[in-house]
Amino acid sequence: MRLEEIVEAIDVEVLVGEEWLPQREITTVSACDLMSDVLAFAKPGILLVTGLTNSQVVRTAAIAQLAGVIIVRGKRPGADTIELARKMQVPLLSTSMHMFELCSELAKIGLVGTRTQ
Amino acid sequence: MNNEVVFSQELEVEGGDFVRGGESSCRILEILKELAFSPAIVRRAGIAAYEAEMNIVMYAEQGNLNLTVTPDRIVIVAEDRGPGIEDIDLAMQEGYSTATDEIREMGFGAGMGLPNIKKNSDDMEISSSVGEGTRVQIVIRANHEGTSSEAA
């Protein structure tokens, strides 16, 4: 599923990378606040759901070749994180939903967890 | 084996700088992309470099990442001046960590760093002197795509 389709189906706001959404193919979803864990199971095409907003989230996503990041609970990353995401071409999205709620919505439209694929 | 060095660069890493931590690894990522390594190789090298860099940021005072590229392999040496590692076997165990709360708030310190470097490398050597520092050498063979990270 393309990231563009997810944005159309679910109440998320695009902070960075509107123009990249049609090309980003999502294979699985991981909900995780531990970047160490993300780096340990990283596969290309993962959509990361996280509560963190710091610059390391963007660097982790870029290095692990994740397809995009959705930040939960309505948190807004700082200007430096936004700028870094633009530079490293990491789509950054935000939602007021909490982590489980967003994951439920993603599951409803047919997305699966990283391990189950 | 072709040992001709096609690229080498030394990148500095500042201990304790959690905001800029990872910049050197991102530079390595850009360099390897420009040198046209495959996405799988770039990902493995990037993850290994980033974990090594964040270890310097989290635990050491000062360090650097030395990148050397030959047609056959990518070598990244992470060296730091810092507390060193008392028990390397213990540090290599998944889940073992001496991280502070500040480190954990950044999403690191899960005790996965060194094991993850090993997983993404074709060869990894680590040496350390307590009170002096640590040296981690990461080798990634350019013709070896690797399956470890994909299989996880």
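Q: Which residue follows α3(A), and what is the sign of its phi?
A: Let's start at the end of this helix in the predicted model. The residue that follows α3(A) has a phi near 60°, a positive value. That residue is A:Gln65.

Q: Which residue caps the N-terminal end of α3(A)?
A: Look for a side-chain oxygen beside the backbone nitrogen of A:Gln56. The two atoms lie 2.9 Å apart. The oxygen belongs to the capping residue, A:Asn54.

Q: Why is helix α3 of chain A described as largely enclosed by the rest of the structure?
A: Buried here means under 20% relative accessible area. Among the buried residues of α3(A) are A:Ser55, A:Val57, A:Arg59 and A:Ile63. The helix spans residues 55-63, and it is largely enclosed because the buried ones number nine of the nine.

Q: Which side chains meet in a salt bridge between chain B and chain A?
A: The count between the two chains is one salt bridge. Its N to O distance is 3.9 Å, and the cut-off is 4 Å. The partners are A:Arg59 and B:Glu23.

Q: Which helix gives the most to the side of chain B that touches chain A?
A: Four helices of chain B each supply at least two residues to this side: α1, α2, α5 and α6. The top contributor gives eight residues. That helix is α2(B).

Q: What area do chain B and chain A bury between them?
A: The contact takes 30 residues from chain B and 24 residues from chain A. Of the buried area, 58% is on carbon and sulfur atoms. The total is about 2,000 Å².

Methods: Residues numbered from 1 in each chain as written. Chains lettered and ligands numbered in written order. Predicted model: local features only at pLDDT ≥ 70, side-chain atom pairs only at ≥ 80, totals over all residues. Heavy atoms only, no water. Contact = heavy atoms within 4.5 Å. Buried area = accessible area lost by both parts, 1.4 Å probe. Buried < 20%, exposed > 50% of the residue type's maximum accessible area, 1.4 Å probe, protein only. Polar contact = N/O pair within 3.5 Å; in protein donor to acceptor, adjacent residues only side chain to side chain.
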